[in-house]
Amino acid sequence: MERIAEWLHEKNPGLDGPIDVDEDLIEARLIDSMDFLEFIDLLEEISGDTIDLQEVTIDDFRTLSRVERRFLTPSGAAAAPGPATTG
Amino acid sequence: MSTTSSTALPDGGLKNPGPGLLTLDPVHTALLHGLDALLTGLAARLSAPEVVGPPLLSVEGLARLDYFRNFPHLGVSAGRFTPEALDGLAAGEDPGELPLRPTGHLLPSATCYGLLLSLEGRDVGEDGLRLSATGRCFRNETHYDGLRRLWGFHMREVLYLGTKQGAVEHLEKGAEFVRELAGLLGLELTRATADDPFYDRGGSRARLMALDPVKHEFSAPDGTAIASVNRHRNFFGERLDIRAGAEGPAYSACVAFGVERWVHAMILAHGTPEQALVRLRAARS
């Protein structure tokens, strides 16, 4: 999750302090629509899985806690949540 | 505003200048003005004062709104003949062959851009601000089709800037108004999520919009979208430093009507322009 928080801060230099895990990233445009695919790339890189946009909903990306549950929590033998090695 | 049915037109009516360009005859003009007058009902209901937007928009302002990243193909540019061309023009040279210099301005492609740019740096307060305007808008299209797809057309918008919740309520009231008005005019409309006409349809913004639609359109039975409700989140508030008091960057939303398309939908529903006008007058009385 650290890399995601870092990315969000990089994209939103005006942000002070940590981002609440329940903050609405989409509605507050912390993930700007222009950067949405870059965010998907980042999640794919961290999780090591591809994300099929046909199989997700916007709510899967809405908050940090949802992102962690949906993409970064191992359902099988994937890596533990948290910072992952870069690819 | 009254029809000029007593005004005789020459045999064959009024010529249209070319694709996407129509000259409206008296009956179509009465429909256009009468429908726009009805559409102002939403502005009145929401206490949105009527304003007139600027006739040209600066490319610098539009660039800050990502206009060219999203819609590079739509922009109709305002050009000016170069000083060197003026003597030739005055001597009767073909204007179509002479060079134009960009003025740094585009004709508007939507009514709300000029209003939003005019609010840069303002604080609209937590109660928010509403404005309404009709403007002639221009879009380069790949094809033109009667009143349905024009190079230049009238777009009425009722714009809101304020809080996130205020934006939601604005669109709810706008959608309710569209349904009521359609009922009054005998129009059968269907509501569906819609895309903006992005140049890059596989790009980031288009993909996010597909997952989280921010635009809904109301369409006539032949598929012509005649009204839309649009939410912008806090995009314009951030880009233009428009604040909603302590709430920070303003959220915005607009209800938009393509007025010529309402004329088209009325004729579609009632058979002829004359019958459409009878129905419109009944609705307004």
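In this predicted model, helix α6 (residues 164-185) of chain B lies across four strands of chain B, namely β5 (152-162), β7 (215-219), β8 and β9. The helix runs at about 15° to β9(B).

The strands beneath this description belong to an open sheet of six strands in chain B, with the order β4-β5-β9-β8-β7-β6 and antiparallel pairing. Its edge strands are β4 (129-138) and β6 (190-193) of chain B, each of which pairs on one side only. On average, and with direction ignored, neighbouring strands of the sheet are turned by 20° against each other. One pair in chain B is formed by β8 (residues 225-231) and β9 (residues 251-258), which are joined in the antiparallel sense over five bridges. Within that region, Asn230(B) has Cys254(B) of β9(B) as its bridge partner.

A further helix of chain B, α9 (residues 259-270), lies across β4, β5, β8 and β9 of chain B. The table sets out how the two helices run relative to β9(B).

| Helix | Residues | Strands of chain B crossed | Angle to β9(B) |
|---|---|---|---|
| α6(B) | 164-185 | β5, β7, β8, β9 | about 15° |
| α9(B) | 259-270 | β4, β5, β8, β9 | about 45° |

Helix α9(B) has twelve residues and reaches 17 Å from its first C-alpha to its last, close to the 16 Å expected at 1.5 Å a residue. Nine of the twelve residues are buried, so α9(B) is largely enclosed by the rest of the structure. The buried residues of α9(B) are Val259(B), Glu260(B), Arg261(B), Trp262(B), Val263(B), His264(B), Ala265(B), Met266(B) and Ile267(B). Just after the helix, Gly271(B) takes a positive phi of about 100°.

The axes of α9(B) and α10 (residues 273-284) of chain B come within 8 Å and cross at roughly 100°. The crossing angle therefore makes α9(B) roughly perpendicular to α10(B). On the α9(B) side, the contact is made by Met266(B), Ile267(B) and His270(B). Helix α10(B) contributes Pro273(B), Gln275(B), Ala276(B), Arg279(B) and Leu280(B). By class, the contact of these helices has five nonpolar, two polar and one charged residues.

Chain B also touches chain A, in a contact that takes twelve residues from each of the two chains. On the side of chain B, α7 (204-211) and α8 (235-239) each supply at least two residues. The largest share, five residues, comes from α7(B). By class, this side of chain B has three nonpolar, two polar and seven charged residues.

Notes:
Residues are numbered from 1 along each chain as its sequence is written. Chains are lettered from A and ligands numbered from 1 in the order in which they are written. This is a predicted model: local features need pLDDT of at least 70, side-chain atom pairs count only at pLDDT 80 or more; totals for chains, interfaces and linings use all residues. Two strands pair if DSSP finds at least two bridges between them. Axes are lines fitted to C-alpha atoms, for helices over the stretch in contact, and angles run from 0 to 180 degrees between N-to-C directions. Two residues are in contact if their C-beta atoms, placed from the backbone, lie within 7 Å. Angles under 35 degrees count as roughly parallel, over 145 as roughly antiparallel, 65 to 115 as roughly perpendicular and the rest as oblique. Ala, Val, Leu, Ile, Met, Phe, Trp, Tyr, Cys and Pro count as nonpolar, Asp, Glu, Lys and Arg as charged, and the others, Gly among them, as polar. The expected span of a helix is 1.5 Å times one less than its number of residues. A residue is buried if 20 or more other C-beta atoms lie within 10 Å of its own, exposed if 12 or fewer, and partly exposed in between; C-beta atoms are placed from the backbone.
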